[in-house]
Amino acid sequence: MSKALGSKYSIETSSESKEYFEFVKDLLDDEVVSQMKNFTHHYSTTRYQHCINVSYYNYLVCRKLGLNSRSAARAGMLHDLFLYDWREVPKKRGDLPHGMKHPKVALENAEQYFELGKREKDMIERHMWPLTVKFPKYAESYVIVVIDKYTAMLELGTHCGRKLRSFTKNISRKHNTI
Ligand SMILES: [Fe+2]
Ligand SMILES: [Fe+2]
């Protein structure tokens with residue numbers, strides 16, 4: 001059972017997320033997309049779960065705003081489709097920083113395996129704006145720019161919360177053994 005971080009609704013079984021699930025179910029089960037489960041993202045989660053988080057909230061916000069919520073859901077699921085740990089890739093002279101480079105890699109991968117509309121392509125390619133310099137072309141792309149950063153904060157917050165919990169646990173254990 002999959003859920004977006006902070007959501008109580010199961011993506012697969014909840015009536016609240018029925019339309020969302022219809023939009024992305026082929027992506028959730030896809031072999032290439034599933035490989036993102038093998039990579040840690042923002043310390044606390046996997047890249048696959050991060051993409052679910054972005055996809056789900058991107059869908060909800062775009063639906064609320066009367067934008068293309070199907071494209072929002074699908075682009076969210078594919079926006080970080082790069083299958084490597086960027087910290088382990090040897091850096092070459094002249095290489096762009098990861099934050100600027102990976103949207104293009106994700107778009108190339110997504111185009112290789114899936115049919116993409118113009119909005120979906122723009123959302124994937126520009127989700128790191130303003131790092132990616134060129135302005136997004138569609139309202140949906142501005143939404144994913146915000147949602148990607150919002151979910152990153154949620155995920156990093158989860159990581160910090162875990163660290164803090166284990167730190168206080170260790171302190172109280174030490175205190176009790178003195
Ligand atoms: Fe990204
Ligand atoms: Fe992302």
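This is a short guided tour of the predicted model you have open, one selection at a time.

**The whole chain**

Begin with everything shown as a cartoon. The chain holds 7 helices and 2 strands, and reading along the sequence gives the pattern α-α-β-β-α-α-α-α-α. Along the principal axes, the C-alpha atoms fill a box of roughly 65 × 50 × 30 Å. If you colour by burial, 34% of the 178 residues count as buried. For a contact map, take the contacts with a separation of 6 or more: residues 24 or more positions apart account for 57% of them.

**Stop 1: α1 against α4**

Select residues 18-29, which form α1, together with residues 69-78, which form α4. Two packed helices are described by the angle between their axes and the distance between the axes. Here the axes come within 9 Å and cross at roughly 35°, and the crossing is right-handed. Now show side chains at the contact: on α1, pick Tyr20, Phe23, Val24 and Leu27; on α4, pick Arg70, Ala73, Arg74, Met77 and Leu78. Sorted by class, this contact has 7 nonpolar, no polar and 2 charged residues.

**Stop 2: α4 against α6**

Keep α4 on screen and add α6, residues 118-126. How are these two helices placed relative to each other, by angle and axis distance? They pack at an angle of about 40°, with the axes 9 Å apart. α4 and α6 are therefore oblique to each other, since the angle falls outside the roughly parallel, perpendicular and antiparallel ranges. This crossing is right-handed. On the α4 side, the contact is made by Ser71, Arg74, Ala75 and Leu78, and on the α6 side by Arg119, Glu120, Met123 and Ile124. The class count for this pair is 4 nonpolar, 1 polar and 3 charged residues.

Stay with α6 for a moment. How many of its 9 residues are buried? The helix is mostly covered, with 7 buried. To highlight them, select Arg119, Glu120, Asp122, Met123, Ile124, Glu125 and Arg126.

**Stop 3: the nonpolar core**

In soluble globular proteins, nonpolar side chains tend to be buried together. The largest nonpolar core of this model has 32 residues, and within it Tyr59 and Leu78 touch the most other members. The elements giving two or more residues to this core are α1, α3, α4, α5, α6 and α7. Which helix gives the most? That is α3, with 9 residues; select 47-64 to see this helix, and 98-113 for α5.

Next, centre the view on Leu78, which appeared in the α4 contacts with α1 and with α6. Leaving aside residues up to four places away in sequence, Leu78 touches Leu27, Ala106, Ala110, Phe114 and Ile124.

**Stop 4: Asn53**

Move to Asn53, which is in helix α3. Is Asn53 buried or exposed? It counts as buried because 26 C-beta neighbours lie inside 10 Å, where 20 or more are needed. With residues up to four places away in sequence left out, Asn53 touches Ala4, Leu5 and Thr151. For a distance to try in the viewer, draw a line from Asn53 to Leu116: their C-alpha atoms are 20 Å apart, and the two residues are 63 apart in sequence.

**Stop 5: backbone details in the loops**

Most residues other than glycine have a negative phi, and most peptide bonds are trans. Three places are worth a look with that in mind.

- Select Tyr43, in the loop between β1 (40-41) and β2 (45-46). Its phi is near 65°, a positive value in a residue other than glycine. Tyr43 counts as exposed because it has 12 C-beta neighbours inside 10 Å, and the class takes in 12 or fewer.
- Go on to the loop between α6 and α7 (139-177), where Pro130 is found. Which kind of peptide bond joins Trp129 and Pro130? The bond is cis, with omega about 15°.
- In the loop between α6 and α7, select Val133 as well. Val133 has a positive phi of about 60° although it is not a glycine. Val133 is exposed, with 9 other C-beta atoms within 10 Å.

Definitions and conventions: Residues are numbered from 1 along each chain as its sequence is written. Chains are lettered from A and ligands numbered from 1 in the order in which they are written. This is a predicted model: local features need pLDDT of at least 70, side-chain atom pairs count only at pLDDT 80 or more; totals for chains, interfaces and linings use all residues. Helices (H or I, at least four residues) and strands (E, at least two) are DSSP runs, numbered from the N terminus. Axes are lines fitted to C-alpha atoms, for helices over the stretch in contact, and angles run from 0 to 180 degrees between N-to-C directions. A crossing is left-handed if the near helix is turned anticlockwise from the far one by less than a right angle, and right-handed if clockwise. Two residues are in contact if their C-beta atoms, placed from the backbone, lie within 7 Å. Ala, Val, Leu, Ile, Met, Phe, Trp, Tyr, Cys and Pro count as nonpolar, Asp, Glu, Lys and Arg as charged, and the others, Gly among them, as polar. Angles under 35 degrees count as roughly parallel, over 145 as roughly antiparallel, 65 to 115 as roughly perpendicular and the rest as oblique. A nonpolar core is a set of buried Ala, Val, Leu, Ile, Met, Phe, Trp, Tyr and Cys residues joined through C-beta atoms within 7 Å.
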